[in-house]
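Please open the model in your viewer and keep a selection tool at hand. The tour begins with the whole chain and then proceeds by selection.

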Amino acid sequence: MDIGYKSEKGTFSLRAAAIIIENNCLLLAKSDKYDCFYTVGGGIQQNETSDNAVLRECYEETGYHFEIDRLVFIQERFYMMNNVQHHEVVFFYLMKKMDCDIHSGVNTDQNNEYLHWIPLEELETINIAPAFLRTALKSIPDEITHILSYE
């Protein structure tokens, strides 16, 4: 069970996300349900560490066993969707480069969700969530960076 809850004031979720970069392209997912791209990742389960969660999610969504390079960002994100206030905390892990054969347009483990390789120089021109990723990957910091955003 993913860590999170719903209340009359909104929702809270704890998540882990992968930054997978190959050939100057970022691997993103997109569902037919949403108009934005987003990173591979998902909810952290009860009694699961964030690093184990991102490895699990990578495998579930791509079919590949990735390895973590390092934790890069921790984001506290506040946003509205469907008139509901959402609060999420996300651990973004930079993944090690690996030899994988993931093609744009391939399905993830979710219905109507597909993977896409998006060139890093095009991130500013697409609808990506969270929005800080549009510019944050131009120069990936050496230290863990805390991101606080209201979208």
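The stops below lead from the overall fold to individual strands and residues.

**The whole chain**

Begin with the protein chain in cartoon representation, bearing in mind that this is a predicted model. The chain contains two helices and ten strands. Followed along the sequence, these elements run β-β-β-β-β-α-β-β-β-β-α-β. The C-alpha trace covers about 45 × 35 × 35 Å along its principal axes. The radius of gyration is 15 Å, which agrees with the value near 15 Å for a compact globule of 151 residues.

Next, display the surface. The protein chain exposes about 8,500 Å², of which carbon and sulfur atoms supply 48%. Of the 151 residues, 48% count as buried. If contacts are drawn between residues at least 6 apart in sequence, 65% of them join residues at least 24 apart. Colouring by charge shows 12 positive and 24 negative charges, whose mean positions lie 5 Å apart.

**Strand E7 and its partners**

Select residues 84-95, which form strand E7. How many of the twelve residues of E7 are buried? Nine are, so the strand is largely enclosed by the rest of the structure.

Now add residues 10-19, strand E2, which pairs with E7 in the parallel sense over nine bridges. Within this pairing, Arg 15 stands opposite Val 90 of E7. Then add residues 68-81, strand E6, which pairs with E7 in the antiparallel sense over twelve bridges. Here Gln 75 has Val 90 in E7 as its bridge partner. Val 90 can therefore be centred in the view, with Arg 15 opposite and Gln 75 as a bridge partner, while remembering that side chains in a regular strand alternate between the two faces of the sheet.

Move on to the connection between E6 and E7. The two strands form a hairpin with two residues between them. In the turn, Asn 82 has a positive phi of about 55°.

**Glu 88**

Select Glu 88, which belongs to strand E7. Is Glu 88 buried or exposed? Its relative accessible area is 7%, below the 20% limit, so Glu 88 counts as buried. Leaving aside residues up to four places away in sequence, Glu 88 touches Ser 13, Arg 15, Gln 75, Glu 76, Arg 77 and Tyr 79.

**Ile 74**

Step across to Ile 74 in strand E6. Ile 74 is partly exposed, at 23% relative accessibility. Which residues does Ile 74 touch, not counting those up to four places away in sequence? They are Val 89, Val 90, Phe 91, Ile 144, Thr 145, His 146 and Ile 147. For a distance check, select Ile 126 as well: the C-alpha atoms of Ile 74 and Ile 126 are 22 Å apart, with 52 residues separating them in sequence.

**Met 98**

The last stop is Met 98, in the loop between E7 and strand E8 (113-119). Met 98 has a relative accessible area of 23% and is partly exposed. Show its surroundings, again without residues up to four places away in sequence: Met 98 touches Glu 22, Tyr 64, His 65 and Phe 66. Finally, draw a line from the C-alpha atom of Met 98 to that of Cys 25; the two residues are 73 apart along the chain, and the separation is 13 Å.

Methods: Residues numbered from 1 in each chain as written. Predicted model: local features only at pLDDT ≥ 70, side-chain atom pairs only at ≥ 80, totals over all residues. Heavy atoms only, no water. Helix = DSSP H or I, 4+ residues; strand = E, 2+ residues; numbered from the N terminus. Rg over C-alpha atoms; globule rule 2.2 N^0.38 Å. Buried < 20%, exposed > 50% of the residue type's maximum accessible area, 1.4 Å probe, protein only. Contact = heavy atoms within 4.5 Å. Areas by Shrake-Rupley, 256 points an atom, 1.4 Å probe, with all protein chains shown as cover. Lys, Arg positive; Asp, Glu negative; His and termini not counted. Charge placed at Lys NZ, Arg CZ, Asp CG, Glu CD. Pairing = 2+ DSSP bridges.
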